[in-house]
Amino acid sequence: MSDNAFTYGNLILLYSNFNYENVGPKPDSFRPSGQLTYIDLPDFVKARITLCINTFDIIMKSKPDKFHTKVILIADSQFSQIIVNYLNQNGVSSQYIEQDNTSKSIESVLNNLNARINTLNNPPAIYFVGSVWQKEVFDSIIVSNFKGKLKVVFEGALDHRPYDLIQRDKLTEEPKKGSNYYKQKVKNKAIDSLLNYIFSNKKK
């Protein structure tokens, strides 16, 4: 990510990293050694891009600080320009786009984000756009690494791949969980047990 300082505005993190070994059937047009196009992207990545465009449109139509908005595109360099071109064609001008071709995981994206904004008194509203199944990974990183101090809205797009392919991706994304994550899990379990005890006694 760039070193541009944000003191307000909106930051949309479009997470477009993916492993082509886990995408399922490739489109007939796919040319692994040829010129790639937007159609070569897997459907679940296209769904994230569409959700990003919708999020951007809502911000531009409704927020007073709309012109202080950035889309951070996290993608492999071979796909990034394809995605930028598509964003441009669908109303997201290049003036609003930054590229991150170095972050290879959700954890690295959030670490970079934290380094960028943690000293700001008035940070931007932040939106992370990924696939719905990434919410669990995302939440575990927020709890383990940032103790809830990093405030990011998760926006999830549908991913219709088979369960086993999604699980493979989840294993590559999941970080090692720190002590804060497990403390929170224990706390949540204790609260659930207490609520179950209270409500079971009320029924007697």
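Start with how far the chain reaches to touch itself: among contacts in the protein chain with a separation of 6 or more, 79% link residues 24 or more positions apart. Keep in mind that this is a predicted model. The chain has 204 residues, and 43% of them count as buried. Its secondary structure comes to six helices and five strands. If you walk along from the N terminus, the elements run β-α-β-α-β-α-β-α-β-α-α.

A good place to step inside is strand 1. How much of this strand is buried? Six of its six residues are, so strand 1 is mostly covered. Now look at which way the side chains go. In a regular strand, they alternate between the two faces of the sheet. Here, Asn10, Ile12 and Leu14 point one way, while Leu11, Leu13 and Tyr15 point the other way, and all are buried.

Strand 1 has partners to follow, too. It pairs with strand 2 in the parallel sense, over six bridges. One spot to find in that pairing is Leu14, whose bridge partner in strand 2 is Leu73. Strand 1 also pairs with strand 4, again in the parallel sense, this time over five bridges. There, Ile12 has Tyr127 as its bridge partner, and Leu13 has Phe128.

Follow that second pairing across and you land on strand 4. Six of the seven residues of strand 4 are buried, so the strand is largely enclosed by the rest of the structure. Keep going and you reach strand 5, residues 153-157, which runs parallel to strand 4 and is joined to it by five bridges. The residues you just met turn up again here: Tyr127 stands opposite Val153 in strand 5, and Phe128 stands opposite Phe154. To get from strand 4 to strand 5, look for helix 4 (residues 134-146), which makes a right-handed β-α-β unit with these two strands.

Next, the nonpolar interior. The largest nonpolar core has 31 residues, and those with the most contacts inside it are Leu14, Ile49 and Ile83. Which elements give two or more residues to this core? They are strand 1 (10-15), helix 1 (43-62), strand 2 (69-74), helix 2 (77-89) and strand 4 (125-131). Helix 1 gives the most, with nine residues. To see how things come together here, zoom in on Ile49. Leaving aside its neighbours within four places in sequence, Ile49 is in contact with Leu14, Ser16, Tyr38, Leu41, Ile83, Tyr86 and Leu87. There is also a second, separate core of 21 residues, which includes Leu113, Ile117, Ile126 and Phe138.

Ile117 is worth a stop of its own. You'll find Ile117 in helix 3, residues 106-117. Is Ile117 buried or exposed? Its relative accessibility is 9%, and because buried means under 20%, Ile117 counts as buried. Beyond neighbours within four places in sequence, Ile117 is in contact with Pro123, Pro124, Ile126 and Leu150. Take Leu150 from that list: it sits 33 residues away from Ile117 along the chain, and the C-alpha atoms of the two are separated by 9.2 Å.

For a contrast, try Gln99, which is found in strand 3 (residues 97-100). Gln99 has a relative accessible area of 36%, so it is partly exposed, a label for values between the 20% and 50% cut-offs. Not counting residues up to four places away in sequence, Gln99 touches Leu73, Ser80, Gln81 and Val84. Leu73 is the bridge partner of Leu14, and Gln99 can be placed relative to Leu14 as well. Gln99 and Leu14 are 85 residues apart along the chain, with their C-alpha atoms separated by 9.7 Å.

Last stop, a pocket. The second largest pocket has a volume of about 160 Å³. It is lined by 13 residues, and the closest to its centre are Phe18, Asn19, Asp169, Thr172 and Glu173. Which elements supply at least two residues of this lining? Helix 1 and helix 5 (163-173) each do. Helix 5 gives the most, with three residues.

Notes: Residues numbered from 1 in each chain as written. Predicted model: local features only at pLDDT ≥ 70, side-chain atom pairs only at ≥ 80, totals over all residues. Heavy atoms only, no water. Core = buried A, V, L, I, M, F, W, Y, C linked by side-chain atoms within 4.5 Å. Buried < 20%, exposed > 50% of the residue type's maximum accessible area, 1.4 Å probe, protein only. Helix = DSSP H or I, 4+ residues; strand = E, 2+ residues; numbered from the N terminus. Contact = heavy atoms within 4.5 Å. Pairing = 2+ DSSP bridges. Right-handed = clockwise from strand over helix to strand, strands pointing away. 1 Å grid on protein atoms, 1.4 Å probe; cavity = no way out; pocket = protein on both sides within 12 Å on 5 of 7 lines; lining within 4 Å. Points joined across faces, edges and corners; volume = space filled by probe spheres on them.
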